Amino acid sequence: MSGRIHTGDELTEDRVLTCDVCIVGSGAGGGVLGLELARRGLDVVMLEEGGYHTRRDFDGDELRAYTELYQEQGNRATADLSVGIFQGRTVGGGTTINWCASFRTPPEILARWRDVHGVKGLDTQALTPHWDWLEERLNIRDWPIERANRNNQILWEGLGKLGYSRGTVKRNVKNCAALGACGLGCPTDAKQSTLVTLIPEAVTLGMRLYSNVSARRLEMAGPRVAAVHADVLDPGTDRPTGKRLTVKAKVTAVCGGAINSAALLLRSGLTGRGQVGKRLYLHPVVVTNARFPERVEAYTGAPLTVYSRQFIDRGPGKLGWLIEVPPILPLLGAVTLSGFGPAHQDLMAGLPHANAVLSICLDGVHGDEGGTVALRGDDPSRLEVNYPLEPFHWEGFREALKVAARIQLAAGAELVLSPHSDPVLIREESDVAKLDDAPYAPLECRVLSAHQMGGCAMGGSPDSSVVDSTLRYWDADNLFVVDGSVFPTALGVNPMETIMGVARWGSQHVAAAVKA
Ligand SMILES: Cc1cc2nc3c(=O)[nH]c(=O)nc-3n(C[C@H](O)[C@H](O)[C@H](O)COP(=O)(O)OP(=O)(O)OC[C@H]3O[C@@H](n4cnc5c(N)ncnc54)[C@H](O)[C@@H]3O)c2cc1C
Ligand code: SF4
């Protein structure tokens, strides 16, 4: 059997396909699942609403990249605009545009999923063979500090000067030229995304992938998915062409990522006894920007290679955070740098000297209920994300900003700017206290997310979760969710490797359901 990648413009008439498994979404979860099922000899059809873009298209043009490769053209946000959400929408999903940081799941998180959420059978021991396989297959290796760009070295030095824990990051790259363009799609295929690794292998084994095809609704027949109904999109305009693709599969696996997977279930009338769309976690991020006397050139070099979990656990009821740096490409920098008019222009002129520190907050482990996904009106492409920011979050953000500012000062920053709409300017230690008096409220302090988790949580009871410990939707026989949306909490590390490990572990259950 030989598979193929089809694009929307090839689908000029309505089509009905039959197969063993229909996978909706081609990202971290879908990509791994597709290969694992194809390797078992199963007939797999994968639908991806984003386009089929490859290294030939990845030309470093930021505007084009965000428009073509990100959800809602890079403009996804919570309904009140308080949290900006970056999320992939292309063949390979987030793995095509992410920054390559690869972490195994912290054991304490898996223990919490077991003890608090009733997840069974998913522990470090169960996941280790899958991580081992992934690390070999995706060439996940340490990126030593000697190869870090100046942006990451600043973080390394600042952490060291303050005596904080620090580590270097593993990356899924092969022959990486350290161009810094990971977030725009890798132009050399060095990044071992599912786009260049697992998906082509699955296609060779017979998987059929349809890009520019958006699954709109699952048709149910009693407790079974009878069909997946999808709209074909025009690759040029991203608008529906009016043509439909219908997939009749023995088993359906929803791998649309957090937010979109919940939305697809809701559009299909599957509410999971009220649990679908609940407990959405965003790893909310606050960013401090800094100006250094020397050139940092944070737009080049491997983007994310140093981290610290020094503040991940601040005790019960206190939001902890992971510390990393982002690449500062001009457009991304313009969005995250505070201020307007001449002040903003001045900051942009100083871009070669800019460093930024991310504080990535660990949500969902303090009883916080997280956000929600809901449908908005009748338009199937519209959804609404809410993520209430409580005093609990703001306290964490405030403390994180103080720590980040100190790290940047310790590394030699001449000026640190907070993410407030009227930024707090910090030139020396005595200025850090000014962060206490800054406004902490939606839209007054910028909050971002690049790691969405939850919305279809896994757990021990249908009254408190959407899927069981085999990733099967509680109230359907042949429906699975296999992506970051099944996490009952956030992780406190970047999520790709956990999602891939869980998908490979879960593939056995999806495969078994085909035969059931
Ligand atoms: C800028 C950026 C940097 C990041 N850096 C890192 C990093 O360094 N390390 C790390 O671990 N993580 C990183 N992440 C996060 C990581 O990429 C994601 O957590 C991960 O890709 C999520 O995997 P997933 O399978 O849940 O969903 P995704 O990878 O998002 O895949 C879901 C796919 O399903 C498609 N889809 C959704 N709904 C439908 C539908 N109805 N029909 C058809 N297709 C649909 C989407 O278009 C998408 O392609 C980053 C993310 C971003 C945005
Ligand atoms: S840093 Fe490496 S992986 Fe990222 S875009 Fe450049 S060559 Fe590709």
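The shell around ligand 1 divides into 16 nonpolar, 19 polar and 5 charged residues, in a model that is predicted. Altogether 40 residues surround ligand 1, and the closest of them are Gly29, Glu48, Gly94, Ala101 and Met496. The protein also encloses 3 cavities of 30 Å³ or more, and the space taken by ligand 2 is the largest cavity.

**Ligand 1: contacts and cover**

- Two polar contacts involve oxygen atoms of ligand 1 and the protein backbone: a polar backbone atom of Gly29 is 2.8 Å from an oxygen atom of the ligand, and a polar backbone atom of Met496 is 2.7 Å from an oxygen atom of the ligand.
- A nitrogen atom of ligand 1 also takes part, since a backbone N or O atom of Trp99 lies 3.1 Å from a nitrogen atom of the ligand.
- Of the 1,000 Å² of accessible area that ligand 1 has on its own, the protein covers 97%.

**Ligand 1: elements that form the shell**

- Among the helices, helix 1 (28-39), helix 3 (94-97), helix 8 (260-267) and helix 13 (496-515) each supply at least two residues of the shell around ligand 1.
- Strand 3 (44-48) and strand 10 (213-221) likewise each supply at least two residues of the shell around ligand 1.

**Ligand 2 and the largest cavity**

- The largest cavity, with a volume of about 90 Å³, is lined by 17 residues, of which Cys176, Ala178, Leu179, Cys182 and Cys186 are the closest to its centre.
- By class, the lining of the largest cavity has 13 nonpolar, 2 polar and 2 charged residues.
- Ligand 2, which takes up the space of this cavity, is surrounded by 14 residues, the closest being Cys176, Ala177, Leu179, Cys182 and Cys186.
- The shell around ligand 2 is made up of 10 nonpolar, 2 polar and 2 charged residues.

**The second largest cavity**

- The second largest cavity has a volume of about 70 Å³, and the residues that line it are Asn289, Ala290, Arg291, Leu337, Asp346, Leu347, Gly350, His353, Ala354 and Leu417.
- Strand 14 (285-291) and helix 10 (341-349) each supply at least two residues of the lining of the second largest cavity, and strand 14 gives the largest share, 3 residues.
- Sorted by class, the lining of the second largest cavity has 5 nonpolar, 3 polar and 2 charged residues.

Notes: Residues numbered from 1 in each chain as written. Chains lettered and ligands numbered in written order. Predicted model: local features only at pLDDT ≥ 70, side-chain atom pairs only at ≥ 80, totals over all residues. Heavy atoms only, no water. 1 Å grid on protein atoms, 1.4 Å probe; cavity = no way out; pocket = protein on both sides within 12 Å on 5 of 7 lines; lining within 4 Å. Points joined across faces, edges and corners; volume = space filled by probe spheres on them. Nonpolar A, V, L, I, M, F, W, Y, C, P; charged D, E, K, R; others polar. Helix = DSSP H or I, 4+ residues; strand = E, 2+ residues; numbered from the N terminus. Near = heavy atom within 4 Å. Sits in = over half its atoms within 2 Å of the grid points. Polar contact = N/O pair within 3.5 Å; in protein donor to acceptor, adjacent residues only side chain to side chain. Areas by Shrake-Rupley, 256 points an atom, 1.4 Å probe, with all protein chains shown as cover.
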